[in-house]
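Welcome! Take a moment to look over the sequence and the 3D structure, and then let us walk through them together.

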Amino acid sequence: MKRVWGLMAIISIILVLTGCGGKSGFTIFIIDNQGDPSVISEQLQANLQQKLGEEPKVEVVTSAMYDVQKILVEYAAGGHDIFILPEADMKQYGNNGSNVSLDDTFDQEKYERGVFEGGVFVENDTGDDGSDIKKETHLYGIPLEDMKMFQEVQYAAKNLFATIPVSASNIEESKKVLKALTE
């Protein structure tokens, strides 16, 4: 529990330091511990923009090097609408209540690798052990290997998952874009 509060304190400090000003457009952040996603960022961005039309304006942001602190900073800054990251990192952040359940948009059975017990925020002091987080099993991530658009750009890495952070500016729009990446 102390770890969750410590993570939330760090996130709060970073949010204050980075400013929470409004952003325009839609961003996807990709980090990979087994490759360099920057090699596909422009093609992915162009393909996705073509599929979605003019709105939302999509930007694909990548990290050429894998760094766990970079993931923390990117989650804390709250500036991205979809995260694509290694499975272990997705599950760690999901366990702390940082990812959105995708049950209402995607089939749990089809994407069973993305189903795990994660944290879900609840009313104050009504979660597990009196915390604000309750553990529930949901679909939190879609494996890249099952996503058509990543197959098309030949970057459907088995270790990567797409997930939506709770800080996404528009969760329904994020689900729409995630669906476009998948179908």
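## Contacts and overall layout

In this protein, 69% of the contacts with a separation of 6 or more join residues that are 24 or more positions apart. Please keep in mind that what you see is a predicted model.

The protein has 6 helices and 7 strands. Starting at the N terminus, these elements follow the order α-β-α-β-α-β-α-β-β-β-α-β-α. Of the 183 residues, 45% are buried. The protein exposes about 9,300 Å², and carbon and sulfur atoms supply 50% of that area.

## The nonpolar cores

In soluble globular proteins, nonpolar side chains tend to be buried together. Here, the largest nonpolar core holds 32 residues. Ile28, Leu48, Ile82, Ile84, Phe150, Leu178 and Leu181 have the most contacts inside this core. At least two core residues come from each of strand S1 (26-31), helix H2 (41-52), strand S2 (58-63), strand S3 (82-86), helix H5 (148-152), strand S7 (160-163) and H6. With 4 residues, H6 gives the most to this core.

Leu178 makes a good example to explore. Setting aside neighbours within four places in sequence, Leu178 is in contact with Ile82, Leu102, Phe106, Ile142, Met147, Ala162 and Ile164. There is also a second, separate core of 12 residues, with Phe83, Leu85, Tyr140 and Phe161 among them.

## A threonine in helix H6

Now find Thr182, which lies in helix H6 (residues 171-182). Is Thr182 buried or exposed? Thr182 counts as buried because its relative accessibility is 7%, and buried means under 20%.

Which residues is Thr182 in contact with, leaving aside its neighbours within four places in sequence? They are Phe106, Tyr111, Ile142, Asp146, Met147 and Lys148. Phe106, Ile142 and Met147 also appear among the contacts of Leu178.

## An asparagine in a loop

Our last stop is Asn159, found in the loop between H5 and S7. Asn159 has a relative accessibility of 14%, so this loop residue counts as buried too.

The side chain of Asn159 makes polar contacts with two other side chains: that of Asp32, at 3.2 Å, and that of Asn33, at 2.7 Å. Not counting residues up to four places away in sequence, Asn159 touches Asp32 and Asn33 along with Gln34, Leu85, Pro86 and Glu87. One of these, Leu85, is included in the second core.

Technical notes
Residues are numbered from 1 along each chain as its sequence is written. This is a predicted model: local features need pLDDT of at least 70, side-chain atom pairs count only at pLDDT 80 or more; totals for chains, interfaces and linings use all residues. Side-chain values use heavy atoms; hydrogens and water are left out. Buried means under 20% relative accessible area, exposed over 50%, partly exposed in between (1.4 Å probe, protein chains only). Contact means heavy atoms within 4.5 Å. Accessible areas come from the Shrake-Rupley method with a 1.4 Å probe; for residues, only the protein chains shown count as cover. A nonpolar core is a set of buried Ala, Val, Leu, Ile, Met, Phe, Trp, Tyr and Cys residues joined through side-chain atoms within 4.5 Å. A polar contact is a pair of N or O atoms within 3.5 Å; within protein, one must be able to donate a hydrogen and the other to accept it, and residues adjacent in sequence count only if both atoms are side-chain atoms.
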